Amino acid sequence: MLNALKFIVSLAVAIVVMLIIRAYAFTICTASADNLVPGLNRGDKVFVNRLLRGSVGRGDLIVYGDSVLSISRVAAMGGDTIEVGGDRFVINDHCGEGCDCGACRSYLLVGGNDSVIIAGSDIIGKAYTLKFRMKGNRD
């Protein structure tokens, strides 16, 4: 009886630790849109490092969103100048004078045919593609 109780407590602690790590450090997301960055297809898995969301650079693959997660590549960052319809715009790199928090820095993301500008606070984490093959599938 004592061994069964120890097992149940150990299992419960392991599950809680796993959920905390998944919520605050690392998780895995599935690409769900058809309109994705090159090299990423619907159903592909990406490893998301939530700890690196503050160190995003041009070309990085990121996951962002609130209730619906999206995967895109960073095309431009705060302070960069972009051209839209012949007009030039500077992407915000701070929300006010003296602000250097990084959460308000904006990013231009490109995914397939779509582009979107998001705030740094919307970034869930830096994403890395997971490529692995089943043993029986050889090209």
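**Rings, cores and salt bridges in a predicted fold**

Me: Is Phe47 buried, partly exposed or exposed?
Reply: In this predicted model, the relative accessibility of Phe47 is 27%. Buried would need a value under 20% and exposed one over 50%. Phe47 therefore counts as partly exposed.

Me: Which residue forms a tilted aromatic pair with Phe47?
Reply: The centres of the two rings are 6.5 Å apart, with 40° between the planes, and the pair is tilted. Phe47 lies in strand E2 and its partner in strand E9 (residues 123–129), so the pair ties together parts that are 81 residues apart in sequence. The partner is partly exposed, with a relative accessible area of 35%. The residue is Tyr128.

Me: How many aromatic pairs does the structure hold, and what is the angle between the planes of Phe26 and Phe47?
Reply: The structure holds 2 aromatic pairs. In one of them, Phe26 and Phe47 are stacked, at 5.5 Å centre to centre. Phe26 is in strand E1 (residues 26–30) and Phe47 in strand E2 (residues 45–49), so this pair joins parts 21 residues apart in sequence. The angle between the planes is 20°.

Me: Which residues do the ring pairs link into a cluster?
Reply: Phe47 has a stacked pair with Phe26 and a tilted one with Tyr128. Phe26 counts as partly exposed, at 33% relative accessibility. Put together, the ring pairs link Phe26, Phe47 and Tyr128.

Me: How do the elements of the chain run from the N terminus on?
Reply: Let's step back to the whole fold. The chain has 1 helix and 9 strands. Among contacts between residues at least 6 apart in sequence, 48% join residues at least 24 apart. From the N terminus on, the elements run α-β-β-β-β-β-β-β-β-β.

Me: Which element gives the most to the nonpolar patch on the surface?
Reply: The patch is formed by Leu2, Leu5, Val9, Val13, Val17, Ile21, Phe26 and Leu51, with about 730 Å² of accessible area together. Val17, one of these residues, counts as partly exposed at 43% relative accessibility. With 6 residues, the top contributor is helix H1.

Me: Which elements each supply at least two residues of the largest nonpolar core?
Reply: The largest nonpolar core has 11 residues, among them Val46, Val48, Leu61, Val63, Ile124 and Ala127. Leu40 is another of its residues; apart from its neighbours within four places in sequence, Leu40 is in contact with Ala31, Val46, Leu61, Ile71 and Thr129. The elements that each supply at least two residues are E2, E3 and E9.

Me: How many residues does the second, separate core have?
Reply: In soluble globular proteins, nonpolar side chains tend to be buried together. Here, buried residues make up 29% of the chain. The second core includes Ile62, Met77, Leu109 and Ile123. Its residue count is 9.

Me: Is Ser72 buried or exposed?
Reply: Ser72 lies in strand E4 (residues 69–77). Leaving aside its neighbours within four places in sequence, it has contacts that include Val37, Leu61, Ile62, Leu109 and Val110. Its relative accessibility is 6%, and the limit for this class is under 20%. Ser72 is therefore buried.

Me: What is the C-alpha to C-alpha distance between Ser115 and Val74?
Reply: Ser115 sits in strand E8 (residues 114–119) and counts as exposed, at 52% relative accessibility. Beyond its neighbours within four places in sequence, Ser115 is in contact with Leu108, Leu109 and Val110. Ser115 and Val74 are 41 residues apart in sequence, and their C-alpha to C-alpha distance is 9.7 Å.

Me: Which residue meets Asp80 in a salt bridge?
Reply: The side chains meet at 2.8 Å, N to O. Asp80 is in the loop between E4 and strand E5 (81–84), and its partner is in the loop between E2 and E3, 22 residues apart. Asp80 is buried at 18% relative accessible area, whereas the partner is exposed at 51%. The partner is Arg58.

Me: How many residues apart are Lys126 and Asp60?
Reply: The structure holds 2 salt bridges, and one of them joins the side chains of Lys126 and Asp60 at 3.4 Å, N to O. Both Lys126 and Asp60 are buried. Lys126 is in strand E9 and Asp60 in the loop between E2 and E3, so to get from one to the other you count 66 residues.

How values were computed
Residues numbered from 1 in each chain as written. Predicted model: local features only at pLDDT ≥ 70, side-chain atom pairs only at ≥ 80, totals over all residues. Heavy atoms only, no water. Helix = DSSP H or I, 4+ residues; strand = E, 2+ residues; numbered from the N terminus. Buried < 20%, exposed > 50% of the residue type's maximum accessible area, 1.4 Å probe, protein only. Contact = heavy atoms within 4.5 Å. Patch = residues over 30% accessible without salt bridge, like charges linked within 9 Å, V, L, I, M, F, W, Y side chains within 5 Å. Areas by Shrake-Rupley, 256 points an atom, 1.4 Å probe, with all protein chains shown as cover. Salt bridge = Lys/Arg side-chain N within 4 Å of Asp/Glu carboxyl O. Phe/Tyr/Trp six-rings, centres within 6.5 Å; stacked < 30°, edge-to-face > 60°. Core = buried A, V, L, I, M, F, W, Y, C linked by side-chain atoms within 4.5 Å.
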